[in-house]
Amino acid sequence: MEYTIKTIGIFTSGGDAPGMNAAIRSVTRAAIFNGIKVKAIYRGYKGLIDNEIVDFRTQDVSNIVQQGGTILKSARCKEFMTKEGRQKAYESMKDHNIDALVAIGGDGTFTGARIFAQEFNIPIIGIPGTIDNDLYGTDYTLGYDTALNTIMDAVDKIRDTASSHERLFFIEVMGRDAGFLALNSAIASGAEAAIVPERETQVDQLAELIQNGFRKTKNSSIVIVAESEITGGAAGLAERMRIEYPNYDVRVTILGHIQRGGSPTAQDRILASRMGVAAVDALLDEQRSIMIGVVNNKIVHVPFTKAIKDDKPINEGLLGVLQMLSI
Ligand code: F6P
């Protein structure tokens, strides 16, 4: 059987992340460069089911490399989890003569892609786009670096008021069930500690660390807390601290969705551009059901099954760096 891809569909799905637009631009232009037509699918799997599909030309992706969010919009789609929903999506694909897909998103996106690819024998390539950086097989995901910088800027500002009032701040950051944003933003912003789901929290040890700091030289303390049921979040931890150590003047800040927005950093734009080209190359090379990753600054192919299922470990050494530097 002849294997030719004449038209690809591209979409973004799940939580948006800075750098998704740069990836849309890159996939579109790399495909057109190689003589492949591009169809833009709006609102992820929902748009595929509802037939929200339009032709994309090179000029449709002009002036977006620097924009946060996703011009293709994003959605989480329950219907795609059903066989009937996926059948409808497949029919839309056929109506538009789409031979292959490039999906930009996180683990939910790739879980759907893996099933869809298998059921209907469709070549699908994934590009990791999530601020959480929680996909196995890639050192970085799109949006992570930008979110890290956003958190760092916010913590720098909170530090000003924390030291003026000699307060202890618990700052909650996103990450779903992963501590990458919390740990690395804590190092980058000179926080006293990071509370991550990958490591059990000892409140008495944390209190001792903070107390020591105040006793010696510090006039404020910042603890970055990863959102998660395991950590209890910033509010939960602050409450425990207030009860057990009432002498602290404690405040809580939840950074929330500010972490998902903003113009992507140079690193995210470059990564998105490289991954977009690599996704088209992979399709031309007859690859399917893989996520594009980057390991030691080299592009790699990671099977969807591994990217989704395997746990990406946190760098334990970085916990040591943070601890050493927070004395
Ligand atoms: O996966 C990205 C993420 O921002 C997580 O860090 C967070 O837990 C979640 O999405 C929030 O999702 P929503 O925007 O649906 O509230």
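**Two helix pairs and a ligand site**

Helices α3 and α4 are roughly perpendicular to each other, because their packing angle of about 70° falls within 65 to 115 degrees. The model is predicted. A second helix pair, α5 and α6, packs at an angle of about 50°. A ligand is also present, with R76, H257 and R260 among the residues around it.

**Helices α3 and α4**
- Helix α3 covers residues 83-95, and helix α4 covers residues 107-120.
- Their axes lie 11 Å apart.
- The α3 and α4 crossing is right-handed.
- From α3, the contact uses K83, R86, Q87, A89, Y90 and M93. From α4, it uses I115, F116, E119 and F120.
- By class, this contact has six nonpolar, one polar and three charged residues.

**Helices α5 and α6**
- Helix α5 spans residues 144-165, and helix α6 spans residues 180-188.
- The axes of α5 and α6 are 9 Å apart.
- Their angle makes α5 oblique to α6.
- The crossing of this pair is right-handed.
- Y144, A147, L148, I151 and M152 of α5 touch F180, L181, N184, S185 and A188 of α6.
- That contact has eight nonpolar residues, two polar ones and no charged ones.

**Around the ligand**
- The surrounding residues are R76, T130, I131, D132, M174, G175, R176, E227, H257 and R260.
- E227 places a polar side-chain atom 2.5 Å from a ligand oxygen atom.
- R260 has a side-chain N or O atom 2.8 Å from an oxygen atom of the ligand.
- G175 uses its backbone: an N or O atom there lies 3.2 Å from a ligand oxygen atom.

Note on methods: Residues numbered from 1 in each chain as written. Predicted model: local features only at pLDDT ≥ 70, side-chain atom pairs only at ≥ 80, totals over all residues. Heavy atoms only, no water. Axes fitted to C-alpha atoms, helices over the stretch in contact; angles between N-to-C directions. Helix = DSSP H or I, 4+ residues; strand = E, 2+ residues; numbered from the N terminus. Parallel < 35°, antiparallel > 145°, perpendicular 65-115°, else oblique. Left-handed = near helix turned anticlockwise from the far one by under 90°. Contact = heavy atoms within 4.5 Å. Nonpolar A, V, L, I, M, F, W, Y, C, P; charged D, E, K, R; others polar. Near = heavy atom within 4 Å. Polar contact = N/O pair within 3.5 Å; in protein donor to acceptor, adjacent residues only side chain to side chain.
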